[in-house]
Amino acid sequence: MTQPQTHDAKSRSPEFRLAQGALGGLREDLFHNPFAYRPLLPMAVDGRLTRRLPERIRTGARWTPHAVVAAGALFVFLIGATVAEGSPPPVMAVYAFAPALIVLLTLVRPVLAFWASLASTPFLGFMGSHGDGWPWAPNSFAAHLLVLTVVAARTRPRAAGWMWLLTAGYAIFAEFFLTRGYGTDAPQLLFIAALALLVVTVLQVRREAEQTVTAQQTVTAQERSRRTLLEERTTIARELHDVVAHHMSVVAIQAEAAPYRVENPPPELEQAFVTIRENAVAALTELRRVLGVVRAEDYEAPDAPQPTLADLERLVANVREAGLDVTKTVTGAVRELPQGVELSAYRIIQEALSNVLRHAPGAEAKVEVSYVLGGLGLRIVNGPARGLVKASPGAGHGITGMRERVTMLNGEMTAEPTEDGGYEVTAFIPVTREESEQ
């Protein structure tokens with residue numbers, strides 16, 4: 001049992017993990033799917049300089065990286081054609097075109113272009129024996145520098161280091177095992193490549209840092225906007241609480257004290273004041289709950305259950321005590337519906353009956369709840385106002401709130417006057433069988 005533990009401890013040592021991570025990075029950057037098709041995307045033209053260019057020039061400027069790579073390939077081709085001048089045509093064609101095509105390959109398959117450049121170097125060197133450089137011929141020298149630079153710009157900074165080390169390893173191998181007696185040009189290539197890769201890496205790191213800062217600034221601006229919105233909502237909630245809660249509290253206190261100001265008040269009057277106080281207290285409770293939601297996004301609703309259609313009888317009784325003649329009819333197989341449907345249906349009936357109390361005092365109202373196969377149907381209809389009590393004006397938000405609730409549940413609603421001078425509200429809220437079973 002001791003030996004596996006010792007081996008496991010060694011395998012988890014920091015040095016081992018560091019080496020494992022380094023080799024994993026090499027495999028991921030240069031060995032994993034080297035034939036992947038990764039076309040070079042057009043350049044963004046929203047920079048400080050490109051934004052000032054005319055539209056036609058700015059459109060063409062998007063292809064600047066492609067033009068630079070193509071110009072580099074042409075430069076490599078001209079070097080190869082000049083050095084191989086006088087050689088047999090097949091040799092001259094391969095010697096001049098191969099490095100140039102490898103440079104162009106960086107536009108679509110950058111990792112493959114690096115391996116192709118490294119693998120073709122000894123063949124091109126042995127092919128022509130042109131110049132004094134070894135192991136890189138003049139055109140291979142320029143081509144490999146271009147390939148290293150372009151591939152480093154198109155990959156992560158870690159890949160640049162691996163490419164430089166692999167190039168140095170090949171240079172050492174060629175110097176000791178493939179030497180042909182020429183003077184070596186490996187130090188020059190490695191020095192220039194190190195400078196080019198360093199510049200590319202610094203630019204990449206700077207670009208990534210700018211993108212990170214921009215993303216953080218965007219997140220900060222969003223958080224600032226959300227905080228401002230939350231402060232505005234808190235201010236609105238505070239003002240609403242100060243205005244509404246104050247008056248509702250006064251109503252509740254006066255309703256509780258009113259019977260004591262009248263000598264021998266009738267029982268009906270006492271019950272009316274009790275109902276007024278209970279409604280005022282219930283309204284204050286609902287107001288505090290809603291304002292809690294408005295004040296903060298992470299507000300947790302109280303444990304008290306939300307009203308459902310099972311509480312509809314209590315609502316109707318409460319409205320009857322306020323003086324409204326209401327009849328309730330339920331048709332279909334009563335079943336438990338999703339909480340959102342139950343709450344929305346209750347609120348729609350509550351708001352419709354409140355509108356009858358405000359706009360048609362003394363009228364008769366009917367509430368019909370229909371449990372059908374595809375959902376829930378609601379119908380609240382009232383006749384014209386009767387008696388001497390005047391209708392109170394409303395803000396006009398009741399119907400809008402009901403429509404929003406129905407629309408949120410993908411339902412349909414109508415609200416329109418009736419022929420006898422009353423008003424009718426109908427709504428249908430679809431409920432699938434799966435939702436009913438949940």
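How many residues does helix H5 have, and what distance does it reach from its first C-alpha to its last? In this predicted model, helix H5 covers residues 89-105, 17 residues in total, and reaches 23 Å between those two atoms, close to the 24 Å expected at 1.5 Å a residue. The helix nevertheless carries a kink of about 25 degrees at Phe-97, shortly before the proline Pro-99. Pro-99 itself is one of the buried residues of H5, a set completed by Tyr-95, Ala-96, Ala-100, Ile-102 and Val-103.

H5 belongs to a chain of 438 residues, of which 33% count as buried. The secondary structure of this chain comes to 14 helices and seven strands. Among the contacts in the chain with a separation of 6 or more, 71% are accounted for by residues 24 or more positions apart.

Val-103 of H5 leads from the helix to the interior. In the largest nonpolar core, which holds 37 residues, Val-103, Phe-114, Trp-136, Val-147 and Met-163 touch the most other members. Two or more residues of this core come from each of helix H4 (64-83), H5, helix H6 (110-128), helix H7 (138-154), helix H8 (157-177) and helix H9 (186-257). The most is given by H7, with nine residues. In soluble globular proteins, nonpolar side chains tend to be buried together.

Phe-114 shows how such a core residue is surrounded. Once neighbours within four places in sequence are left aside, Phe-114 is in contact with Leu-30, His-144, Val-147, Leu-148, Met-163, Leu-166 and Thr-167. Another core, of 33 residues, lies apart from the largest one and includes Val-326, Ile-349, Tyr-371 and Met-413.

Why can H7 be described as largely enclosed by the rest of the structure? The description holds because 13 of the 17 residues of H7 are buried. Its length also agrees with expectation, since 17 residues at 1.5 Å a residue should span 24 Å and the end C-alpha atoms of H7 are 25 Å apart.

Empty space is the next topic. Rolling a probe the size of a water molecule over the atoms shows where empty space is left. The count comes to two cavities of 30 Å³ or more, and about 40 Å³ of space lies in the second largest cavity. Pro-99 and Ile-102 appear again here, lining this second largest cavity together with Ser-117, Ser-120, Thr-121, Leu-124, Ser-140 and Ala-143. H5, H6 and H7 each supply at least two residues of that lining, and the largest share, four residues, comes from H6.

The second largest pocket has a volume of about 1,000 Å³. Its lining comprises 26 residues, and those nearest its centre are Met-43, Pro-65, Ala-153, Leu-203 and Arg-207. H4, H7 and H9 are the elements that give two or more residues to this lining, with H9 giving the most, six residues.

H9 also contains Glu-256. This residue is classed as partly exposed because its relative accessible area is 44%, which falls between the limits of 20% and 50%. The C-alpha atoms of Glu-256 and Thr-275 are separated by 9.8 Å, the two residues being 19 residues apart along the chain.

Two loop residues complete this part of the account. Pro-39 is found in the loop between helix H2 (14-31) and helix H3 (55-61), and its relative accessible area of 35% makes it partly exposed. Although Pro-39 and Val-108 are 69 residues apart in sequence, they are 4.0 Å apart in space, C-alpha to C-alpha. Beyond neighbours within four places in sequence, Pro-39 is in contact with Leu-107, Val-108 and Arg-154. Asn-410 has its place in the loop between helix H13 (398-408) and strand E6 (412-417), and it counts as exposed because its relative accessibility is 66%. The phi of Asn-410 is near 60 degrees, a positive value in a residue other than glycine. Most residues other than glycine have a negative phi.

Helix H12 closes the tour. This helix, residues 339-359, has 21 residues and reaches 30 Å from its first C-alpha to its last, close to the 30 Å expected at 1.5 Å a residue. Its buried residues include Ile-349 as well as Glu-342, Arg-347 and Asn-355; Ile-349 is also among the residues of the core that lies apart from the largest one.

Methods
Residues are numbered from 1 along each chain as its sequence is written. This is a predicted model: local features need pLDDT of at least 70, side-chain atom pairs count only at pLDDT 80 or more; totals for chains, interfaces and linings use all residues. Side-chain values use heavy atoms; hydrogens and water are left out. The expected span of a helix is 1.5 Å times one less than its number of residues. The bend at a residue is the angle between axes fitted to the seven residues ending there and the seven starting there. Buried means under 20% relative accessible area, exposed over 50%, partly exposed in between (1.4 Å probe, protein chains only). A nonpolar core is a set of buried Ala, Val, Leu, Ile, Met, Phe, Trp, Tyr and Cys residues joined through side-chain atoms within 4.5 Å. Contact means heavy atoms within 4.5 Å. On a 1 Å grid over the protein atoms alone, a cavity is a set of points where a 1.4 Å probe fits but cannot get out, and a pocket is an open set with protein on both sides within 12 Å along at least five of seven lines; lining residues have an atom within 4 Å of a point. Grid points are joined across faces, edges and corners, and a volume is the space filled by probe spheres set on the points.
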